[in-house]
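Reader: I should be grateful for a close look at one part of this model, beginning with a charged contact between side chains. Please then set that part in the context of its surroundings.

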Amino acid sequence: MTARTVAGHEDADRRRWWALAVIATAQLMIVLDITIVNIALPSAQRDLGISDADRQWVITAYTLAFGGLLLLGGRLGDLFGRKRVFTVGLLGFALASALGGAAVSPAMLFGARALQGAFGALLAPSALGLLSTTFSDPRERSTAFGIFGAIAGGGSAIGFIAGGLLTEYLDWRWCLFVNVPIAAVTAFAAFSVLRRDHVGKGRRLRLDLPGALLGCGGLLAIVYGTSEAVTRGWGDGLVLGPLVLGVALLAAFVLVERRTAHPLLPLHIVADRNRGGGALSVGLAMVGMFGTFLFLTYYLQAIKHFSPIVSGLSFLPMTVAIVLSSTGFAARLMTRVPSRNLIGPGLVLAAGGMAWLTQMRVDSPWAAMVLPAELLIGFGMGLVFMPAMSLATLGVAPNEAGAASATINSAQQVGGSVGTALLNTVAASATASFLATRIAADPAVRAQGAVHGYVVATWVAMGVLLAAALVAVLMIDHRPAPGEATAVEGGAEAAAAVRAADGRPSPRAVARADVRANVRANVEAGAEVRAEAGPERPPAD
């Protein structure tokens, strides 16, 4: 091997890890922005005059647009190149954040949050797709996804801390303005370190716009119907109507995807029991997690009278627990134990944290009530995020990596949207029932009613997390292949030789054929990229 070749490989290695830094920064911004406004929400609610029934739309507008458009964003990355879509998503996210920070009415803030979600839907699947195609070595892939998973899990809690600092020392609007310089710098860095993967017009497939409209419309109708139950009740026509319409639109979405030549979501991606089980487990987990974050924020600020910064710092133990669990345990065990042996117990631990929170009272001390629950939830979810994200793109053809990565992200955001709306409705209904038979004018009684609502919703969240654990145990059967843990020479070949989807040994010849097919697909994808770039240009990576 010549010195020039060695230097080229070293440069590629350095760029690969710089690319991870760019992708991780973008992912942190996306996840952080889901929760950073939670701490600022009480201040924004007072400033803009947002009602209690509508306050959840500050969160839901973002997560709904994000989750509803993720599949479309993933497909756009496959068609136009993930680097290009990634960069456009960053710049659009910056503009939407500036608009939200300048909001003068609730509608303007809700619209800006929805716009943030839409550009985030371009950004997130491209980020995960770029990560998947950049790191193919088992050991490097484990490390990269460990970092990515820690950010995905810990970024939410980091958002609470940043939100507290910005709200207390500057203004709630800076929870949105802060994205502008971060996104701009990250977009500039993306031009330098990410590999060019432009797709020529002659090779682009048609977009599945009917599928996008049906899928997003169905999710919007379900979340809207759930949120309206806060003020109208579950039996009202404006609640049942949207719920029924949403289910019908999603059923039509499945039928369209089965018949279209170029579906937005190729159904074989979610039909795989590992990818489908991982996405469903994460989606259910987010149903419980997002609502709990919202309740804890209001509990700490409105009931315990913590300042925004103290409220944010109160979530720091959860952040530390997620990072330690994801990088210290999950990353090391992912190549040694079956995935469900991480995801299932992790969800049970998180459910245990929810069970602890059901004992919450108005006068409960933070150290004895909130802290143990945060640690259980953090350690549990740290075991869930990284292996689930790795399963999302494992074994997927390069031209479908965007759709596959969008599936797990969509499950997260749709789960968060539905969970926030559902648990907010449950909590509000329980509080209203509690106050109906008591003296509601008494501030102490109102505080007891609010905590009662949080507790009832937390019971529901715990049940959802246990259901997610059951799904993970029953559906996910991926086992690490021999050689992944040690990354021995020829490990990929040896791993493929005994790998099987159901965990039983597969014929060596079949496995080798599978490896050759994947290698061939990657080579062909690389050849297309080089052909598009022009023969006179050197490879970008």
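Author: In this predicted model, the side chains of Arg173 and Asp47 come together in a salt bridge, with an N to O distance of 3.5 Å. The contact links distant parts of the chain, since Arg173 is found in the loop between helix 5 (138–169) and helix 6, while Asp47 belongs to helix 1 (residues 3–48), and the two are 126 residues apart. Asp47 has a relative accessibility of 44% and therefore counts as partly exposed.

Arg173 has another acidic partner: Asp171 also forms a salt bridge with it, and here the closest N and O atoms are 4.0 Å apart. Asp171, at 29% relative accessibility, is likewise classed as partly exposed. The structure holds 2 salt bridges, and Asp47, Asp171 and Arg173 are linked by such contacts in a network.

Helix 6 (residues 174–177) carries an aromatic pair made by Trp174 and Phe177, which are 3 residues apart and thus separated by about one helical turn. Their ring centres lie 5.4 Å apart and their planes stand at 70 degrees; because an angle over 60 degrees counts as edge-to-face, the pair of Trp174 and Phe177 is given that description. Trp174 is partly exposed, with a relative accessible area of 41%, and Phe177 is also partly exposed, at 24% relative accessibility.

The structure holds 2 aromatic pairs. The other ring contact joins Tyr62 and Phe93, with centres 6.4 Å apart and planes at 85 degrees, so this pair is edge-to-face as well. Tyr62 lies in helix 2 (residues 57–80) and Phe93 in helix 3 (residues 82–101), so the contact ties together parts that are 31 residues apart in sequence. Both Tyr62 and Phe93 are buried, whereas Trp174 is partly exposed.

A ring is also involved in a contact with a charged side chain: Arg438 lies over the face of Phe434, at 3.7 Å from the ring centre.

Elsewhere, nonpolar side chains form a surface patch of about 710 Å², made by Leu313, Leu316, Val320, Leu324, Phe329, Leu333, Leu349, Leu375 and Phe379. Helix 13 (316–333) and helix 15 (366–393) each supply at least two residues of this patch, and helix 13 gives the most, with 5 residues. Leu349, one of the patch residues, is placed in helix 14 (residues 340–357). With a relative accessibility of 33%, Leu349 counts as partly exposed.

Two further features concern a helix and a loop. Helix 9 (residues 237–259) has 23 residues and reaches 33 Å from its first C-alpha to its last, close to the 33 Å expected at 1.5 Å a residue. Its buried residues are Val239, Pro242, Leu243, Gly246, Phe253 and Glu257. His305, for its part, has a phi near 60 degrees, a positive value in a residue other than glycine. This histidine, His305, sits in the loop between helix 11 (273–303) and helix 12 (308–313), and at 64% relative accessibility His305 counts as exposed.

To return to the contact that opened this account, Arg173 meets Asp47 at 3.5 Å and Asp171 at 4.0 Å, and the three residues are linked in a network of salt bridges.

Definitions and conventions:
Residues are numbered from 1 along each chain as its sequence is written. This is a predicted model: local features need pLDDT of at least 70, side-chain atom pairs count only at pLDDT 80 or more; totals for chains, interfaces and linings use all residues. Side-chain values use heavy atoms; hydrogens and water are left out. Rings of Phe, Tyr and Trp (its six-membered ring) pair if their centres lie within 6.5 Å; planes under 30 degrees apart count as stacked, over 60 as edge-to-face and the rest as tilted. Helices (H or I, at least four residues) and strands (E, at least two) are DSSP runs, numbered from the N terminus. Buried means under 20% relative accessible area, exposed over 50%, partly exposed in between (1.4 Å probe, protein chains only). A charge sits over a ring if NZ of Lys or CZ of Arg is within 6 Å of the ring centre and within 35 degrees of the ring normal. Patches are made of residues with over 30% relative accessible area and no salt bridge: like charges are joined within 9 Å, nonpolar side chains (Val, Leu, Ile, Met, Phe, Trp, Tyr) within 5 Å. Accessible areas come from the Shrake-Rupley method with a 1.4 Å probe; for residues, only the protein chains shown count as cover. The expected span of a helix is 1.5 Å times one less than its number of residues.
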